[in-house]
Amino acid sequence: MYRLMAALFLLLAATLAASAQNLVIPSYWLNQRGSEMKLYSWGADGTFKGVYINHAAGFACQNTPYDLWGRAIGSHIKFMVIWTNWAADCKSKTVWQGRVRGGTIATRWILTGHDFPPLRGTDIFQQQP
Ligand code: BTN
């Protein structure tokens, strides 16, 4: 019985590991606004870390790297940037949520801040060589 449970556990772990492989890390991405996303390292349970450089017209906190935290399970992905670094503090945060399909990540995002109502939009990221 113990051996059967151990075998089932290993099978489950292997299945989860395989399903988490939709997202390749390390990887470098650009979205349709020209923003850059660099994904560096996996953590436990499908979590990952990277940096985000915002180049989107009409937004603040541009052109310097901000820490990014995320989680990917199978094709589902969610990641977040708090817009505070050594260069600027926009007192805001963005959460993206979407799907990874090959070299494309299609997302919806919500930007929340101290002094403006939440903003929503979509971003499509393409993996770069
Ligand atoms: C701010 O203006 O408060 C911080 C910068 C927000 C940049 C947003 S996040 C969603 C959208 N996609 C981007 O690449 N940049 C903008």
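# A guided reading of the predicted chain

With 120 degrees about the S-S bond, the link between Cys 61 and Cys 90 is right-handed. This link is a disulfide (a pair of cysteine sulfur atoms within 2.5 Å), and its S to S distance is 2.1 Å. The structure holds 1 disulfide. Its two ends lie 29 residues apart, Cys 61 in the loop between β3 and β4 and Cys 90 in strand β6, and the pair thereby links distant parts of the chain. The structure is a predicted model, in which local features need pLDDT of at least 70 and side-chain atom pairs count only at pLDDT 80 or more, whereas totals for chains, interfaces and linings use all residues. Residues are numbered from 1 along each chain as its sequence is written, and side-chain values use heavy atoms, with hydrogens and water left out.

The two cysteines do not share one environment: Cys 61 is buried, with a relative accessible area of 7%, while Cys 90 is partly exposed at 24%. Here buried means under 20% relative accessible area, exposed means over 50%, and partly exposed lies in between (1.4 Å probe, protein chains only). The backbone at Cys 61 also deserves attention, since this residue has a positive phi of about 50 degrees although it is not a glycine. Asn 63 likewise has a positive phi, of about 70 degrees, and is not a glycine. Asn 63 is also placed in the loop between β3 and β4.

The chain as a whole may now be considered. It contains 1 helix and 8 strands, where helices (H or I, at least four residues) and strands (E, at least two) are DSSP runs numbered from the N terminus. Read from the N terminus, the order is α-β-β-β-β-β-β-β-β. Between α1 (2-19) and β1 (27-31) runs a loop that holds Pro 26. The peptide bond leading from Ile 25 to Pro 26 is cis, with omega near 5 degrees.

Of the 129 residues of the chain, 33% count as buried. The accessible surface comes to about 7,900 Å², and carbon and sulfur atoms account for 62% of this surface; such areas come from the Shrake-Rupley method with a 1.4 Å probe, and for residues only the protein chains shown count as cover. Among contacts (heavy atoms within 4.5 Å) between residues at least 6 apart in sequence, 29% join residues at least 24 apart.

The interior is described next. A nonpolar core is a set of buried Ala, Val, Leu, Ile, Met, Phe, Trp, Tyr and Cys residues joined through side-chain atoms within 4.5 Å. The largest such core has 21 residues, of which Leu 23, Met 37, Phe 48, Tyr 52 and Phe 79 touch the most other members. At least two residues of this core come from each of β2 (36-42), β3 (47-53), β4 (65-73), β5 (76-84), β6 (89-101) and β7 (104-113). The largest share, 4 residues, is supplied by β5.

Two residues show how parts of the chain meet. Val 100 is found in strand β6 and is buried, at 3% relative accessibility. Leaving aside residues up to four places away in sequence, Val 100 touches Asn 22, Leu 23, Ser 75, Ile 77 and Ile 105. Although Val 100 and Leu 23 stand 77 residues apart along the chain, their C-alpha atoms are separated by 6.6 Å.

Ile 82, by contrast, is partly exposed, with a relative accessible area of 36%, and belongs to strand β5. With residues up to four places away in sequence again left out, the residues touched by Ile 82 are Tyr 66, Asp 67, Trp 69, Ser 92 and Lys 93. The C-alpha atoms of Ile 82 and Tyr 52, 30 residues apart along the chain, are separated by 9.9 Å.

The last feature is a pocket. On a 1 Å grid over the protein atoms alone, a cavity is a set of points where a 1.4 Å probe fits but cannot get out, whereas a pocket is an open set with protein on both sides within 12 Å along at least five of seven lines; lining residues have an atom within 4 Å of a point. The largest pocket holds about 260 Å³ of space, a volume being the space filled by probe spheres set on grid points that are joined across faces, edges and corners. Its lining has 19 residues, and those nearest its centre are Asn 54, Phe 59, Trp 83, Thr 94 and Leu 111. The strands β6, β7 and β8 (116-128) each supply at least two lining residues, and β6 gives the most, with 4 residues.
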